[in-house]
Amino acid sequence: MLSDNQFLRYGRQMLMPGWGEGGQRQLAQKSVAIIGLGGLGVPALANLAGSGIGRLLLVDGDSLSLSNLHRQWIYRASDVGQPKVQLARRWALSLNPDIRVEAFAQMADELVLETLLPEVDLVLDCTDNLASRHLINAACVRRRKALISAAAIGWQGQLQAILPQGPCFACFCPTDQGATPQGCSEAGVAAPVVSAIGSLQSALALKHLLGETLETDQLYRFDGQSFHWSQFTLAPNPDCSLCGGHHESDH
Ligand SMILES: [Zn+2]
């Protein structure tokens, strides 16, 4: 049963077809890991905390810097120097005291992923580097966890749902792929683009948690310069070093 306050708090989303009180109660039972509390993780956290996901597990090892503030809008100038994950936890609980939020003040590594993954229904990769993306993808493939992966740089952003029955991140971005792409600190990043992409990650997350079927082979890309969206179909790669193209649909 939802309380009167919960009816008020979540009323506008519960009005939507396919959501309702049942969907809201379902979200309260879910646990989601958000890895990276930067430009992608901040809007994703705001939407998921606001929507009433029962338990959020936050992972980030960075401290807040002044250069984060133009796009990471839950933080304040007076917070510079403090661990982001603790600031994010406090902010989320001040937005929605109904939920549980746990903070892990460290970068994602195999150990923390092995600890967290059995606890969660879904993982959001909101990190800003290829090495972390591969690490998180590998852990999710091993544990057969749903993953919503995203990236943004300059005016470009992209996102995709990676589910056990579809291609994994390494299927189309091999781990031995040469040069590491530039990060935000070299190439810059437009605040509205990274915020939009992080927000859409949470949209895919909510749809998945409400039981909607997500497309497992689609990569969505936004170019903020031309203002065009494009969509690519990805195929499982039989030579993938991680999943080898073997998926549920194969057996
Ligand atoms: Zn793969």
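**Helices, a core and some single residues**

Student: Which elements do the buried residues of H4 pack against?

Tutor: They pack against helix H3 (41-51), strand E2 (55-59) and strand E3 (100-104). Here, a contact has C-beta atoms, placed from the backbone, within 7 Å. Helices (H or I, at least four residues) and strands (E, at least two) are DSSP runs, numbered from the N terminus. Residues are numbered from 1 along each chain as its sequence is written. This is a predicted model, so local features need pLDDT of at least 70 and side-chain atom pairs count only at pLDDT 80 or more, while totals for chains, interfaces and linings use all residues.

Student: Which residues of H4 are called buried, and what makes a residue buried?

Tutor: They are Lys84, Val85, Leu87, Ala88, Arg89 and Ala92. A residue is buried with 20 or more other C-beta atoms (placed from the backbone) within 10 Å of its own, exposed with 12 or fewer, and partly exposed in between.

Student: How do you know that the span of H4 agrees with 1.5 Å a residue?

Tutor: The expected span is 1.5 Å times one less than the number of residues. For the twelve residues of H4 (84-95) that gives 16 Å, and the end C-alpha atoms are 16 Å apart, so the two agree.

Student: How do H3 and H4 pack, and what is the handedness of their crossing?

Tutor: The angle is about 35° and the axes lie 9 Å apart. Axes are lines fitted to C-alpha atoms, for helices over the stretch in contact, and angles run from 0 to 180 degrees between N-to-C directions. The crossing is right-handed: the near helix is turned clockwise from the far one by less than a right angle, whereas anticlockwise would be left-handed. Leu45, Ala49 and Gly50 of H3 meet Ala88, Ala92 and Leu95 of H4.

Student: What classes of residue make the contact of H3 with H4?

Tutor: There are five nonpolar, one polar and no charged residues. Ala, Val, Leu, Ile, Met, Phe, Trp, Tyr, Cys and Pro count as nonpolar, Asp, Glu, Lys and Arg as charged, and the others, Gly among them, as polar.

Student: And how do H3 and H9 pack?

Tutor: H3 and helix H9 (residues 191-209) pack at about 40°, with axes 7 Å apart. By class, their contact has six nonpolar, eight polar and no charged residues.

Student: Which residues touch the most other members of the largest nonpolar core?

Tutor: Of its 64 residues, these are Val32, Ala33, Ile34, Leu45, Leu56, Leu58 and Leu124. H9 gives the most to this core, with eight residues. A nonpolar core is a set of buried Ala, Val, Leu, Ile, Met, Phe, Trp, Tyr and Cys residues joined through C-beta atoms within 7 Å. Beyond its neighbours within four places in sequence, Ile34 contacts Gly41, Ala44, Leu45, Leu56, Leu58, Leu124 and Cys126.

Student: Why is Trp229 called exposed?

Tutor: Trp229 has 10 C-beta neighbours inside 10 Å, so it counts as exposed. Trp229 is in strand E8 (residues 228-233). Not counting residues up to four places away in sequence, it touches Tyr220 and Phe222.

Student: What is the phi of Arg144, and how do you know whether Arg144 is buried or exposed?

Tutor: Its phi is positive, about 55°, although Arg144 is not a glycine. Most residues other than glycine have a negative phi. Arg144 has 11 other C-beta atoms within 10 Å, so it is exposed. Its place is the loop between helix H6 (130-143) and strand E5 (146-153).

Key. Contact = placed C-beta atoms within 7 Å.
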